[in-house]
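This report walks through one chain, from a single serine outward to strands, sheet and hollow spaces. Please keep the structure in view while reading.

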Amino acid sequence: MNRLRAAYTLALLLFAGISLAAVYGAAARRQVLVTDVAIAREAQGENGREITRTDFTEETDSDILLPLPEDVHFEHISFENRYMTKELLIRLQTDDAHFYETHAVPCNTEKVQGIRSVYTAQTRSLDLSFRTAASFEPEPQVSEGEVLVKLRTPQEAHTLVAVLDPAVSGTGDSALRIAEAVREKAEASGEGLRVYLTRTDPVPATEEACLALVREVSAERFLRLEGFDEGALAASAYYNDAYFLRGYGNVELATDAERALAGINGLTAEGVIAVRDAHALSSLRIPACTLRLTGLRGEEERIAQAADAIYESLRPEQEETE
């Protein structure tokens, strides 16, 4: 009986030890949220101080190893992926404005081309801008005393990459609201669709900026969204017919999107229309179209319905069902 009790106690202790190790391991290194910021304008030039980069001295899976000031903990750090200008912004809340004057940052210097820091005393914010060689998908992990960041290409991280270009129209900016809802739905679905927006602020991206983003992330789909509050609830799709794509092409994407939008109760599908001179479409060699929606009224329900329909037309298996 004593042996049985001892064995039982030992098993409990081992289980407790393994559980505690798992808990502490998870707490010691946490995955964190990265916010997309799509602004096509260049950052503030040469503002800030250049931080010294060094190559890694030993093999690692990470591309950035950022040492942290002593007063910086998990809740004091935020991340922004500024993919339009190929920057990763890491913002720290700290009183140690000069920490990186004496601490170099080990990184993959083929991916990280430079680092600048700007300190704002009023908000205790230390902004570290990592200028990267391409538009990467940052995967940061925060542990006590350091941040590790893996920089992956969009194709390494996702099954299908799409660019949505919300045009500026109306006071409610319905096109941006729809685009943001599509992106959020894609992120939540876990189906491998990555949606990049050409803007997250009120300033529209130029045609050149749209095309540059498509190239930079090797996008496989492009949708321009035009949303209007006035008029009857209706949708139409436009595609460029001057360039033929084998298999799944412009007309298929436009048709899928129009068909999905036609499922919205009360919406009139006005058809799929071929055009030759449309924003960005004539310069693209991937499935691309423009969607024009009217009668949105700025209503949350209509915005959500339009976003659901557009997401369905972009799902990774959509092409396989054609």
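Ser218 has a relative accessible area of 39%, so it counts as partly exposed. The model is a predicted one. Ser218 sits in the loop that links α4 to β15. Its phi is positive, about 50 degrees, although the residue is not a glycine. Most residues other than glycine have a negative phi.

Arg124 is a second such case. Its phi is positive too, at about 55 degrees, and it is not a glycine. The loop that holds Arg124 runs between β9 (112–120) and β10 (125–132). Arg124 is partly exposed because its relative accessibility is 32%, between the limits of 20% and 50%.

The table sets out the two loop residues and two cysteines.

| Residue | Relative accessible area | Class |
|---|---|---|
| Ser218 | 39% | partly exposed |
| Arg124 | 32% | partly exposed |
| Cys107 | 0% | buried |
| Cys210 | 0% | buried |

**Helix α4 and its cover**

Ser218 follows α4. That helix spans residues 207–216, and its buried residues are Ala209, Cys210, Leu211, Leu213 and Val214. An α-helix has 3.6 residues a turn, so residues three or four places apart point the same way. What covers the buried residues of α4? The cover includes β13 (160–166), β14 (193–197) and β15 (221–227).

Cys210 belongs to that buried set. Its relative accessible area is 0%, so it falls under the 20% limit for burial. Cys107 is also buried, again with 0%. How many disulfides does the whole structure contain? The search finds zero.

**Strand β15**

On the other side of the Ser218 loop comes β15. Are its residues buried or exposed? Seven of its seven residues are buried. In a regular strand the side chains alternate between the two faces of the sheet. Both faces of β15 are covered. Arg221, Leu223, Leu225 and Gly227 lie on one side. Phe222, Arg224 and Glu226 lie on the other. The buried residues thus include charged ones, among them Arg221, Arg224 and Glu226.

β15 pairs with β13 in the parallel sense, over five bridges. Here Leu164 stands opposite Leu223. β15 also runs parallel to β18 (residues 288–294), and six bridges join the two. In that pairing, Gly227 stands opposite Leu293.

**An open sheet of six strands**

Elsewhere, six strands make an open sheet with mixed pairing. Their order is β2-β6-β7-β10-β9-β3. The edges are β2 (34–36) and β3 (49–50), each paired on one side only. β2 runs parallel to β6 (residues 77–82), and three bridges join them. Val34 has Phe79 as its bridge partner in β6. The Arg124 loop belongs here as well, since it connects β9 to β10.

**The cavity**

How many cavities of 30 Å³ or more does the structure hold? It holds one. The largest cavity has a volume of about 50 Å³. Its lining includes Asn81, Arg82, Tyr83, Lys86, Glu87 and Leu88. Thr132, Ala134, Ser135, Phe136, Pro138 and Leu151 are also part of the lining. The elements that give two or more residues to this lining are β6 and β7 (87–93). By class, the lining has six nonpolar, three polar and three charged residues.

**The second largest pocket**

The second largest pocket encloses about 520 Å³. It is lined by 22 residues. Which of them lie closest to its centre? They are Val34, Glu137, His158, Glu187 and Arg194. Val34 is the residue bridged to Phe79 in β6. At least two lining residues come from each of β2, β11 (137–143), α3 (174–189) and β14. α3 gives the most, with four residues. The lining divides into seven nonpolar, six polar and nine charged residues. Two of the elements named here appeared above: β14 helps to cover the buried residues of α4, and β2 is an edge strand of the open sheet.

**The chain as a whole**

The chain has six helices and 18 strands. Of its 322 residues, 44% are buried. Take the contacts between residues at least 6 apart in sequence: 77% of these join residues at least 24 apart.

Terms used. Residues numbered from 1 in each chain as written. Predicted model: local features only at pLDDT ≥ 70, side-chain atom pairs only at ≥ 80, totals over all residues. Heavy atoms only, no water. Pairing = 2+ DSSP bridges. 1 Å grid on protein atoms, 1.4 Å probe; cavity = no way out; pocket = protein on both sides within 12 Å on 5 of 7 lines; lining within 4 Å. Points joined across faces, edges and corners; volume = space filled by probe spheres on them. Buried < 20%, exposed > 50% of the residue type's maximum accessible area, 1.4 Å probe, protein only. Contact = heavy atoms within 4.5 Å. Disulfide = S-S within 2.5 Å.
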